[in-house]
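Biologist: Before I plan anything at the bench, could you take me through this fold, one question at a time?

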Amino acid sequence: MELISPKERADLVNGISREALHVEMRDNYGIDADLFANWRAGDREEVPRVLKPWCDRVRAGVAEGKTYRRVCVVSEPLSAYQRWCFEATNGLKAEAGEDLRWVPRRLTSTLSLPGNDFWLLDGETVVFNVFDGTDRRAEIQLYRDPAIVKHCADAFSTLWDLAILHRDYRPV
């Protein structure tokens, strides 16, 4: 395991050659607290502006044949944060070409899942986003161990099979 910076993580995700798979399992993310608060206060322009670089990269990557898939495991009813994600942020990501799906947490009780959110990049690299008790990022871990890569690939596949397409998901 190697600890990496947010910039190193971004470089890895942005540098994929064919596929980025992402699993999110938290109901709140403190890293977006200001953006979320501004949106709740009525600012509808900041979210598209902040997400534009990611959406542009996804559009370009999809045009080159790259795949971006994201599964969000959520408690229901959705937290205020996840409702915002569904309505504001993830809609933009889906429109950009990211294949986004939702899994109600109640369907995951018997699954063997990693303890943290992760990116699986090109089937070779896993990046775990570790958060603390205040929903802030504590560290970013990089793994290339084939057993860990396989565990995350299997977890992603299992979640993907349960997941509901973004356009079909009806938040509770």
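**Helices, sheet and two buried residues**

Modeller: In this predicted model, helix α5 (residues 146–162) lies across β2 (19–24), β3, β4 (99–104), β5, β6, β7 and β8, and the helix runs at about 75° to β3.

Biologist: In what order do the 8 strands of the open sheet stand?

Modeller: The pairing in this open sheet is mixed. At its edges stand β1 (2–4) and β8 (164–165), each with a single partner strand, so one side of each has no neighbour in the sheet. Read across, the order is β1-β7-β6-β5-β2-β3-β4-β8.

Biologist: Which residue of β7 stands opposite Val-130?

Modeller: Strand β6 (residues 125–131) pairs with strand β7 (residues 137–143) in the antiparallel sense, over 6 bridges. Within β7, the residue opposite Val-130 is Glu-139.

Biologist: Is α3 roughly parallel or roughly antiparallel to α4?

Modeller: Helix α3 (residues 46–63) packs against helix α4 (residues 80–96) with the axes 8 Å apart and at an angle of about 30°. Since angles under 35 degrees count as roughly parallel, this makes the arrangement of α3 to α4 roughly parallel.

Biologist: How many residues in the contact of α3 with α4 are nonpolar?

Modeller: The crossing of α3 past α4 is right-handed. From α3 the contact takes Val-47, Pro-48, Leu-51, Trp-54, Cys-55, Val-58 and Arg-59, while α4 supplies Trp-84, Ala-88, Thr-89, Leu-92, Lys-93 and Ala-96. Of the residues in this contact, 2 are charged and 1 is polar, and the number of nonpolar ones is 10.

Biologist: Is Thr-89 buried or exposed?

Modeller: Thr-89 is found in helix α4, and, leaving out residues up to four places away in sequence, Thr-89 touches Val-47, Leu-51 and Trp-84. Its relative accessibility is 6%. Because a residue under 20% is classed as buried, Thr-89 counts as buried.

Biologist: At what angle does α3 run to β3?

Modeller: Helix α3 lies across two strands, β3 (67–74) and β5 (117–121). Its angle to β3 is about 130°.

Biologist: What separation do the C-alpha atoms of Arg-70 and Arg-101 have?

Modeller: Arg-70 lies in strand β3 and, at 3% relative accessibility, counts as buried. Neighbours within four places in sequence aside, its contacts include His-22, Glu-24, Trp-54, Asp-99, Trp-119 and Trp-160, and Arg-101 is also among them. Although Arg-70 and Arg-101 are 31 residues apart along the chain, their C-alpha atoms are separated by 6.3 Å.

Notes
Residues are numbered from 1 along each chain as its sequence is written. This is a predicted model: local features need pLDDT of at least 70, side-chain atom pairs count only at pLDDT 80 or more; totals for chains, interfaces and linings use all residues. Side-chain values use heavy atoms; hydrogens and water are left out. Axes are lines fitted to C-alpha atoms, for helices over the stretch in contact, and angles run from 0 to 180 degrees between N-to-C directions. Helices (H or I, at least four residues) and strands (E, at least two) are DSSP runs, numbered from the N terminus. Angles under 35 degrees count as roughly parallel, over 145 as roughly antiparallel, 65 to 115 as roughly perpendicular and the rest as oblique. A crossing is left-handed if the near helix is turned anticlockwise from the far one by less than a right angle, and right-handed if clockwise. Contact means heavy atoms within 4.5 Å. Ala, Val, Leu, Ile, Met, Phe, Trp, Tyr, Cys and Pro count as nonpolar, Asp, Glu, Lys and Arg as charged, and the others, Gly among them, as polar. Two strands pair if DSSP finds at least two bridges between them. Buried means under 20% relative accessible area, exposed over 50%, partly exposed in between (1.4 Å probe, protein chains only).
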